[in-house]
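This report describes the architecture of a single protein chain, moving from two helices and their surroundings to the core and the aromatic pairs. The sequence and the model are shown first.

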Amino acid sequence: GVNHSTLEPEISRDVILSMINCIEGSMGINGHQFLESVVHGSLAVLSLIFSEFKMVKRKKDLPKLETVEKLVEVVVTIFFSCLDKHGNFPSIFKHGFKLLESICDDHSYRSTIVKHGGIVAVVDAMMTNAEDASIQTSGCKILRCLSEIDDVSKVNVVEADGVDLLLDIVTNPETNTTVVEEAMRAILALSLGEQSRLIVEQEGGISVISEAMSEFTHSATVQETGLATLCFLASDVDDSLLEDSSLFAKVRNALTHHQTNVTIYQNGFALLEMLSLRRDAVRNKIVSSGCINLIMEAVTGNKHPSSVVTNAFEVLIKLTIESEECREMISTPKMLESIIFSMMLHVECYKIQLDGCQLIFEMLKKIENNLVVKAGGIKASLCAMMAHSMSEDIQTVACTLLSHLSTDLACLDSSTTDLNLGRNILEAILSAMDNFPGSQEVQAIGTLALEKVVEIEEVRDHTKNSELPRVRNALRHACRVCPNKCAAMAAAIERQMEQNHE
């Protein structure tokens with residue numbers, strides 16, 4: 001009934017040491033009698049104390065490392081002692097696992113468990129108590145925490161047969177959802193290391209994870225961790241295996257059943273982005289599996305946050321660049337409008353603006369300029385440039401986009417109702433050149449865009465008066481920075497402006 005978290009650190013330490021002494025005197029070694037009730041009772045008290053340490057805010061009030069080290073050594077020893085007796089001691093393992101689980105909550109204590117052989121002890125105890133859901137759940141949590149220390153600890157888990165154990169837990173039809181979720185988290189932690197990931201893959205990790213995602217469709221945790229794990233495992237798999245796998249169906253099903261879960265969408269799109277970098281046969285599966293439709297739906301309307309739209313744009317940009325078939329499918333007026341709508345809705349998001357401008361540029365290979373302008377492509381580009389005026393990448397790709405759209409003068413003059421659009425285009429280009437005076441790319445792209453823009457009737461009128469000196473100064477500077485690319489274009493612009501003035 002005592003709230004141990006409110007006790008003075010010295011008192012808590014004395015209680016911990018007292019319980020350690022009780023366990024050492026009751027383990028049945030060094031001539032002592034084995035007293036199971038005393039051991040599991042002491043572990044229960046210790047488990048309670050350490051679970052309440054989670055509420056302690058001040059680091060100095062936590063048990064000292066040497067105290068925890070002695071405790072861990074005793075717990076691991078009693079585990080091995082019980083395993084050697086070949087008896088049934090579920091209470092000891094249950095309270096001992098809860099204790100180690102609480103100790104793992106503090107990162108500074110985790111290496112102590114590894115140091116004293118805790119990984120082997122936990123794996124062996126889990127194998128011995130395979131039907132106890134509480135022990136399996138705590139064991140999976142401990143293995144996950146220890147795997148998160150470093151790659152060496154991940155290898156230690158592998159060498160202790162931890163991968164086989166975790167995969168067996170996931171494939172066992174008798175395992176409940178909570179245990180599967182914790183096992184999946186532990187497998188994900190192992191998949192982050194190069195050596196341990198290879199073992200998970202070799203032991204059939206991809207198929208096991210895929211089957212678990214099919215079996216536990218409604219578990220958000222299984223879907224989240226499953227997609228994240230597959231993203232790591234599939235990165236090392238040959239393309240031919242990916243073509244025949246069910247990865248695409250797993251992504252589609254996860255997104256379909258959890259349409260409001262941001263993490264599932266992010267993990268699913270991350271997996272698709274990785275797959276979009278593979279050869280055409282793999283990329284085409286993204287289309288044929290129906291995943292491409294879910295990606296396009298994610299950028300339609302305003303039902304998803306900017307993080308999801310960002311991930312969707314990243315997949316789309318890679319597909320449009322790498323795959324002619326995907327570019328053909330994506331380049332529709334409806335999809336164009338959705339991309340522009342998302343750019344205007346998330347104008348402060350750098351990645352959405354950059355990828356959005358690149359997507360529109362790729363679509364110009366399949367869609368006529370006038371459709372892009374009517375959908376608001378120019379205004380979206382201008383907003384991106386204004387909101388991210390100090391981003392060289394956005395200024396470069398947006399200027400490139402404006403130079404292409406400005407080639408269709410009839411489209412620009414007839415489709416827009418904004419009488420200041422031409423002036424805004426000119427201002428955006430000049431500002432980009434002013435903001436990045438040393439960038440050859442910005443100066444060259446800006447000059448190219450000016451060559452197209454000065455032919456617009458509204459801009460012709462504007463450059464006759466107030467903007468003429470500014471344009472000429474920009475051109476002179478561009479020629480100094482990048483003479484090979486800018487000189488001829490600058491001369492042509494000067495001639496055009498002289499004609500306009502006359």
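## Structural report

Asp161 is partly exposed, with a relative accessible area of 39%. This residue lies in the loop between H8 and H9. Its phi angle is near 70°, a positive value in a residue other than glycine. The model is a predicted one, and the description below should be read accordingly.

### The chain as a whole

The chain contains 31 helices and 0 strands. Of its 502 residues, 53% count as buried. Contacts between residues at least 6 apart in sequence are dominated by long separations: 74% of them join residues at least 24 apart. The chain exposes about 21,700 Å², of which carbon and sulfur atoms supply 49%.

### Helices H7 and H10

Two helices, H7 and H10, are summarised in the table.

| Helix | Residues in helix | Distance between end C-alpha atoms | Expected span | Buried residues |
|---|---|---|---|---|
| H7 (133-147) | 15 residues | 21 Å | 21 Å | 11 of the 15 residues |
| H10 (177-191) | 15 residues | 21 Å | 21 Å | 12 of the 15 residues |

For H7, the reach from the first C-alpha to the last is close to the value expected at 1.5 Å a residue. Because 11 of its 15 residues are buried, H7 is largely enclosed by the rest of the structure. The buried set includes Ile135, Ile142, Leu143 and Leu146, together with Cys140 and Cys145. Gln136, Thr137, Ser138 and Ser147 are also among the buried residues of H7. The cover over these positions includes helix H4 (90-104), helix H5 (107-115) and helix H6 (118-128), as well as helix H8 (151-159), helix H9 (162-171) and helix H10 (177-191). At the N-terminal end of H7, Asp132 acts as a cap, with a side-chain oxygen 3.0 Å from the backbone nitrogen of Ser134.

For H10, the separation of the end C-alpha atoms agrees with the span that 15 residues should have at 1.5 Å a residue. With 12 of its 15 residues buried, H10 is likewise largely enclosed by the rest of the structure. Its buried residues include Val179, Val180, Met184, Ile187, Leu188 and Leu190. Glu181 and Glu182 are also buried in this helix. What covers the buried residues of H10 includes H7, H8 and H9, along with helix H11 (194-202), helix H12 (205-215) and helix H13 (220-234). At the start of H10, a side-chain oxygen of Asn176 comes to within 3.1 Å of the backbone nitrogen of Thr178.

### The nonpolar core

The largest nonpolar core comprises 161 residues, and those with the most contacts inside it are Ile103, Phe269 and Leu272. Helix H3 (residues 65-85) gives the largest share of this core, 10 residues. Leaving out residues up to four places away in sequence, Ile103 touches Phe50, Val68, Leu71, Val72, Tyr109 and Ile113.

### Aromatic pairs

A search of the whole structure finds 4 aromatic pairs. In one of them, the rings of Phe34 and Phe89 have their centres 5.3 Å apart and their planes at 85°, so the pair is edge-to-face. This pair links distant parts of the chain, 55 residues apart: Phe34 is in the loop between helix H1 (9-24) and helix H2 (36-52), and Phe89 is in the loop between H3 and H4. Phe34 is partly exposed, at a relative accessible area of 22%, whereas Phe89 counts as buried at 9% relative accessibility.

A second edge-to-face pair joins Tyr265 and Phe269, with ring centres 5.6 Å apart and planes at 80°. Being 4 residues apart in helix H16 (residues 262-275), these two residues are separated by about one helical turn. Both Tyr265 and Phe269 are buried. Elsewhere, ring pairs link Phe79, Phe93 and Phe97 into a cluster.

### A buried threonine

Thr310 is placed in helix H19 (residues 306-322). Its relative accessible area is 10%, so Thr310 is buried. Apart from its neighbours within four places in sequence, Thr310 is in contact with Cys349, Lys351 and Ile352.

Definitions and conventions:
Residues are numbered from 1 along each chain as its sequence is written. Side-chain values use heavy atoms; hydrogens and water are left out. The expected span of a helix is 1.5 Å times one less than its number of residues. Buried means under 20% relative accessible area, exposed over 50%, partly exposed in between (1.4 Å probe, protein chains only). Contact means heavy atoms within 4.5 Å. A polar contact is a pair of N or O atoms within 3.5 Å; within protein, one must be able to donate a hydrogen and the other to accept it, and residues adjacent in sequence count only if both atoms are side-chain atoms. A nonpolar core is a set of buried Ala, Val, Leu, Ile, Met, Phe, Trp, Tyr and Cys residues joined through side-chain atoms within 4.5 Å. Accessible areas come from the Shrake-Rupley method with a 1.4 Å probe; for residues, only the protein chains shown count as cover. Rings of Phe, Tyr and Trp (its six-membered ring) pair if their centres lie within 6.5 Å; planes under 30 degrees apart count as stacked, over 60 as edge-to-face and the rest as tilted.
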